[in-house]
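Q: Please take a close look at how one part of this protein is packed, and explain it step by step for someone new to reading structures.

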Amino acid sequence: MTHPVVPMFDALAHPTLSGDWHGRGVDATFDTLVSDLASDGWLGACAVGLHGVEGFEAERFAAACAEHPSLVPIAGVRPGTPAAALRSLVELGYAGIKIHPRYACDDLSDPEPVAATMRAASDVGLVSFLCTYLWAPVGRMADVEPMTAVLRVLKRAPEARTVLVHGGAVDVLRFAELTRHNPHLLLDLSLTLMKYAGSSVDEDLRFLFRWFDRRICIGTDHPEYGHAAVRARFEALTVGVAEDKVHHAAHHNIR
């Protein structure tokens, strides 16, 4: 079964205020992101800031997003962000927060500061985007495997609506099972969709698109990956998948 080109919504894109990306000279401007979305048939994107990265500042980032109706702002925060600061994010138009352990707090050895921030965000209606790619130099990793590190956070914020960013990487099926039993979780497949192309993860992803279509979403991790390339991978992995299931993963679930 083949299906026509479907609209897609980018669950994870990283425009930056500096326009650069980790000092690599990569084009991460808001204008380029919006242009790429339009040219490759994407409906819009969650524009996700990272605390301390490329000059992120909540008011300026929200203002930059407001110039582009297709962007939904997500604020990069550190664990321990006060409740008052989270309420101000809502006033600025943010839909969620992003907690990135490798940038914001080194590891998840102590889950409570992250969980407390997620609980406080939930109280004011913000969705939490929690990075699940925890591989790093050993000195910056928790002393437990990534699934356990993330689970210890989630158990302390059991009702917080959460997007599990990057799908658990090589543990994508395990994270899918975690998501299956917890309706407040959504599994984002950014990075994992692209990074492990040609590996056994391809079969895991094909399985998820066929049988787990209501609990996953697709992000580009822009500017790490381009929208045309991510669409091509998505279309290749969903050949033979029913059209309604393709729409669920492509845009419906995250929207």
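A: In this predicted model, helices α6 and α7 are roughly parallel to each other, because an angle under 35 degrees counts as roughly parallel and these two helices pack at about 20 degrees. Helix α6 covers residues 146–156 and helix α7 covers residues 172–180, and their axes lie 11 Å apart. Where the two helices pass one another, the crossing is right-handed. On the α6 side, the contact is formed by Pro146, Met147, Val150, Leu151 and Leu154, while α7 contributes Arg174, Phe175 and Leu178. Sorted by class, seven residues in this contact are nonpolar, one is charged and none is polar.

Helix α7 also packs with helix α9, which spans residues 201–211, and here the axes come within 10 Å and cross at roughly 25 degrees. That angle therefore makes α7 roughly parallel to α9 as well. In this contact, α7 uses Val172, Leu173 and Ala176, and α9 answers with Val201, Asp204, Leu205, Phe207 and Leu208. Once more there are seven nonpolar residues, one charged residue and no polar residue.

Another residue within the span of α9, Phe209, leads to the wider interior. Setting aside neighbours within four places in sequence, Phe209 is in contact with residues including Leu189, Leu193, Ile218, Phe234 and Val241. The largest nonpolar core has 70 residues, and Phe209 is among those that touch the most other members, together with Leu71, Leu89, Tyr94, Met118, Ile218 and Phe234. A second core, separate from that one, has 13 residues, among them Phe9, Val48, Val165 and Leu186.

Notes
Residues numbered from 1 in each chain as written. Predicted model: local features only at pLDDT ≥ 70, side-chain atom pairs only at ≥ 80, totals over all residues. Heavy atoms only, no water. Core = buried A, V, L, I, M, F, W, Y, C linked by side-chain atoms within 4.5 Å. Buried < 20%, exposed > 50% of the residue type's maximum accessible area, 1.4 Å probe, protein only. Contact = heavy atoms within 4.5 Å. Axes fitted to C-alpha atoms, helices over the stretch in contact; angles between N-to-C directions. Helix = DSSP H or I, 4+ residues; strand = E, 2+ residues; numbered from the N terminus. Left-handed = near helix turned anticlockwise from the far one by under 90°. Nonpolar A, V, L, I, M, F, W, Y, C, P; charged D, E, K, R; others polar. Parallel < 35°, antiparallel > 145°, perpendicular 65-115°, else oblique.
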